[in-house]
Amino acid sequence: MTSTAAVTMSPHFWSERYRSVRAALPALAAGLSPEDLTAQSMPDCSPGKWHLAHASWFFEAMILSGQPDYVPVDPQFQILFNSYYDALGERVARHERGLMTRPSLEAVLAYRHEIDRRMTDWLERTVMTDQQAYLVELGLNHEQQHQELFLMDMLNLMSRSPLDPAAYDEEPRHSVSEAAKGGTVWFDGGLAMIGHDGEGFAFDNESPAHRQWLEPFGLAADLVSQGDWLSFIADGGYRRPELWLADGWARVQAEDWEAPLYWRQDGDGWSVMALAGRRPVTPEAAVRHISFYEADAFARWSGKRLPTEAEWEQAMRHRSEVFSGAFGEVWQWTASGYDAYPGFTPTPGTAAEYNGKFMANQKVLRGGSFATPEGHERISYRNFFYPHQRWAFAGLRLAEDQAPSPKAPDQDGAATRFQRDLIAGLSKTPKTASPKWFYDAHGSELFEQITRLPEYYPTRQEAALLRRVAPQWAERFGPNATLVEFGSGASEKTRVVLDAAPDLHAYVPIDISAAALEGAVERISAAYPGLTVAPLVGDFLHMPPLPDVVGTGRRIGFFPGSTIGNLEPDEAVAFLRAARALLGPGSLFILGVDLVKEPAVLIAAYDDAEGVTAAFNRNLLARANRELGADFDVEAFAHKAVWNTEAQRMEMHLQATRPMQARIGDTVIAFERGETIHTENSRKFTEAAVRDLAQAAGWTELAFEAGPAPSVALALLGAD
Ligand code: SAH
Ligand code: AVI
């Protein structure tokens with residue numbers, strides 16, 4: 001069972017939440033006639049009346065019937081409205097649900113009403129166990145799934161009428177469509193954490209969280225549009241067997257597919273049936289009502305492919321803001337089969353049949369649709385349908401492999417990644433670059449110079465604070481512990497921890513700068529001869545597994561310097577969560593953060609009188625010239641350091657002092673005079689912000705110590 005913190009909520013909270021979720025389905029049914037709600041348009045669909053009844057039956061079967069001496073509202077409803085639960089006995093065959101002219105709609109609404117009465121009564125007088133709270137949350141999420149199914153089924157029914165009836169005056173949706181963002185977003189690949197990690201509600205099929213290896217990949221920022229689909233049709237997409245999987249091609253022929261479901265050729269153009277009636281195809285809108293087979297054929301026609309579900313999840317965990325339509329437009333088909341995650345266990349009890357038994361021959365869809373109730377979506381959510389099914393609000397987003405570079409600048413691909421990432425960032429508006437690319441050998445050296453500047457207080461203040469707290473905190477490390485440091489740089493502060501914990505077994509410094517790491521390892525190994533030092537060169541946002549040499553004791557994460565402030569807030573949460581998984585149960589984490597303070601102090605720290613920070617900032621472009629053969633006129637970019645009050649962060653930018661162009665490989669980037677490249681954020685924290693961040697990532701704050709002005713702070717976090 002996935003645990004839920006919700007048990008601690010009051011009975012009143014639960015009855016209110018129950019009431020508000022349950023109100024939606026009757027509201028969707030309100031304008032429809034009893035006839036609309038009784039017919040069944042195909043075996044995959046259910047009558048609206050059946051959805052209204054079944055979602056109520058679920059609460060009766062899963063929760064209310066667990067009470068001693070429970071008397072069902074109507075014993076016959078147990079058979080009529082059971083969907084697929086074998087453990088709960090016989091039921092009406094799925095394809096015959098439309099034959100249930102009785103009970104009447106009125107009787108079904110009365111059944112709903114009675115279940116609501118019993119449930120709210122039960123919720124208000126019960127202090128629920130974990131399992132009960134999970135089942136209530138499951139019942140509410142099940143209800144929300146039926147809200148979307150109801151709309152899918154109602155549209156299918158309306159589509160079967162020659163009258164093209166509109167089920168609703170306007171399409172029922174909770175948010176407007178997002179504007180297209182354009183382009184492909186590139187990801188490095190590496191080891192990714194996928195799946196639900198235990199915080200908040202999730203279905204059993206989303207757990208356990210586990211590691212997945214990803215090769216570098218690109219994911220389209222936007223969904224495939226109806227206009228794209230018109231091009232596919234015009235190019236013979238539905239007539240060319242070479243584009244299709246064999247099973248898909250068999251469907252195309254057997255069912256005469258020529259376009260997505262609900263599309264019709266009207267004269268020269270196409271129209272599409274939707275919940276608000278039949279309308280002309282809208283080229284800029286996302287395509288809907290396609291099967292997996294069509295999505296796959298379209299991707300092949302495009303010279304691309306469908307993403308795996310792990311790629312989709314990794315992309316949305318780390319860069320959701322650069323995508324449009326991730327949630328709230330159409331579900332997105334993935335290339336992944338709907339299988340159990342490693343270590344999967346179904347929810348105990350009757351609800352075991354909820355998801356697990358469908359794990360054969362279906363494909364996973366990710367995201368959510370316009371009809372998915374608000375708040376029901378989740379990054380780890382796994383929807384699933386058979387590959388031929390088309391009546392869901394399903395579309396697609398294309399993925400691609402990293403194109404093999406004809407002139408890869410080096411063997412290990414690091415420069416290729418730098419080039420790709422830099423071009424991607426400079427192709428955006430406004431232009432951006434990741435601060436992780438500051439740190440080649442020269443950049444790491446410049447950072448060390450910054451740490452010695454009179455204006456740059458964080459390093460000095462943090463080292464002093466660490467000297468004060470390390471002896472006390474080190475008492476908790478225990479025998480055979482391993483210190484894992486993220487962004488270790490010169491490993492200077494590490495010495496304070498190593499001195500306070502002479503029994504440490506191993507030290508694993510992780511840094512993207514090979515040069516900084518090499519120097520640090522040499523110095524630390526010489527100064528601490530008994531310590532096993534096992535460095536890892538790489539990006540800490542794509543956690544590599546820990547080397548075999550780590551001790552059998554506790555793992556201690558160490559992330560000083562407020563480097564966490566260089567990450568986007570959602571990246572920081574994902575990072576801390578991944579670190580918790582990497583370090584394992586019982587681990588500790590020492591996190592260093594800079595605190596919000598007087599802007600003048602901050603600005604001086606990021607715009608020093610000697611110009612070292614300016615050189616550090618410009619080194620990004622100088623590095624591109626050195627490593628990628630780019631031709632930036634480095635001195636023509638001015639260093640800017642600004643305090644962003646709203647986001648509570650210092651920002652560094654490079655500003656073009658004249659209009660110019662720069663070439664990186666075959667790509668030419670144009671700059672207008674005054675245009676900037678946003679190169680770094682350094683978020684500043686409050687104690688509450690640190691606690692929220694740690695909590696969001698599943699860590700518990702064990703201690704928090706702030707130093708004297710200009711203040712920085714250290715937090716000790718625990719994973720339990
Ligand atoms: N921890 C040191 C150094 C901070 S400078 C201190 O507190 O003084 C930030 C360090 O993090 C640099 O050494 C840089 O190379 C490294 N770094 C930045 N982004 C990184 C990433 N994504 N993955 C791994 N290391 C990174
Ligand atoms: C590494 N990082 C926490 C430093 C910071 O303060 O954001 C990098 C830096 N940027 C400008 N000066 C120092």
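Two strands count as paired here if DSSP finds at least two bridges between them. With that in hand, welcome to a predicted model whose chain is divided into four stretches: domain 1 (3–159), domain 2 (184–401), domain 3 (411–440 + 610–683) and domain 4 (441–599 + 686–718). β13 and β24 (residues 676–683) meet that pairing rule with two bridges, running in the parallel sense. Two ligands are present as well: 17 residues surround ligand 1, and 14 residues lie around ligand 2.

**The sheet with β13 and β24**

- β13 and β24 belong to an open sheet of four strands, ordered β13-β24-β21-β20, and its pairing is mixed.
- The edges of this sheet are held by β13 (431–432) and β20 (637–644), each of which pairs on one side only.
- Within the β13 and β24 pair, T432 stands opposite H678 of β24.
- β24 also has a role in a ligand shell, as it supplies at least two of the residues around ligand 2.

**Ligand 2 and its surroundings**

- Which residues come nearest to ligand 2? They are Y456, N566, Y606, E680 and S682, out of the 14 that surround this ligand.
- On the side-chain end of S682, an N or O atom is 2.3 Å from an oxygen atom of ligand 2.
- For Y456, the distance between a side-chain N or O atom and an oxygen atom of ligand 2 is 2.5 Å.
- N566 places a polar side-chain atom 2.9 Å from an oxygen atom of ligand 2.
- Taken on its own, ligand 2 has 340 Å² of accessible area, and the protein covers 97% of that area.
- The shell around ligand 2 sorts into seven nonpolar, six polar and one charged residues.
- Three elements, α11 (441–451), α17 (612–628) and β24, each give at least two residues to this shell.
- Which domains each provide at least three residues of the shell around ligand 2? Domain 3 (411–440 + 610–683) and domain 4 (441–599 + 686–718) do.

**How domains 3 and 4 meet**

- The two domains that share the shell around ligand 2 also touch one another, with 19 residues of domain 3 in contact with 21 residues of domain 4.
- Taken over C-alpha atoms, the centres of domain 3 and domain 4 are separated by 27 Å.

**Ligand 1 and its surroundings**

- Among the 17 residues around ligand 1, the closest are G487, K493, D511, D539 and F540.
- G487 uses its backbone here: one of its N or O atoms lies 2.8 Å from a nitrogen atom of ligand 1.
- G489 also comes in through a backbone N or O atom, 3.5 Å from an oxygen atom of ligand 1.
- In D539, a polar side-chain atom is 2.8 Å from a nitrogen atom of ligand 1.
- Of the 570 Å² of accessible area that ligand 1 has on its own, the protein covers 94%.
- By class, five nonpolar, seven polar and five charged residues make up the shell around ligand 1.

**The sheet with β8 to β11**

- A further open sheet has four strands in the order β10-β9-β8-β11, again with mixed pairing.
- Why is one side of β10 (383–385) and of β11 (394–395) left without a neighbour in the sheet? Both stand at the edges and have a single partner strand each, so no strand flanks them on the other side.
- β9 and β10 run antiparallel and are joined by three bridges.
- In that pair, L365 stands opposite N383 of β10.

**A hairpin and some backbone details**

- β22 (residues 660–664) and β23 (residues 667–671) run antiparallel and are joined by five bridges.
- I664 of this pair stands opposite T667 in β23.
- Two residues lie between the strands of the hairpin, where G665 takes a positive phi near 60°.
- N361 is not a glycine, yet its phi is positive at about 65°; N361 sits in the loop between β8 (331–337) and β9 (363–367).
- The peptide bond from R102 to P103 is cis, with omega near 0°, and P103 lies in the loop between α3 (77–80) and α4 (105–125).
- S207 and P208 are joined by a cis peptide bond too, with omega about -10°; the loop between β2 (190–194) and β3 (210–214) holds P208.

Note on methods
Residues numbered from 1 in each chain as written. Chains lettered and ligands numbered in written order. Predicted model: local features only at pLDDT ≥ 70, side-chain atom pairs only at ≥ 80, totals over all residues. Heavy atoms only, no water. Near = heavy atom within 4 Å. Polar contact = N/O pair within 3.5 Å; in protein donor to acceptor, adjacent residues only side chain to side chain. Areas by Shrake-Rupley, 256 points an atom, 1.4 Å probe, with all protein chains shown as cover. Nonpolar A, V, L, I, M, F, W, Y, C, P; charged D, E, K, R; others polar. Domains from an automatic or database assignment. Contact = heavy atoms within 4.5 Å.
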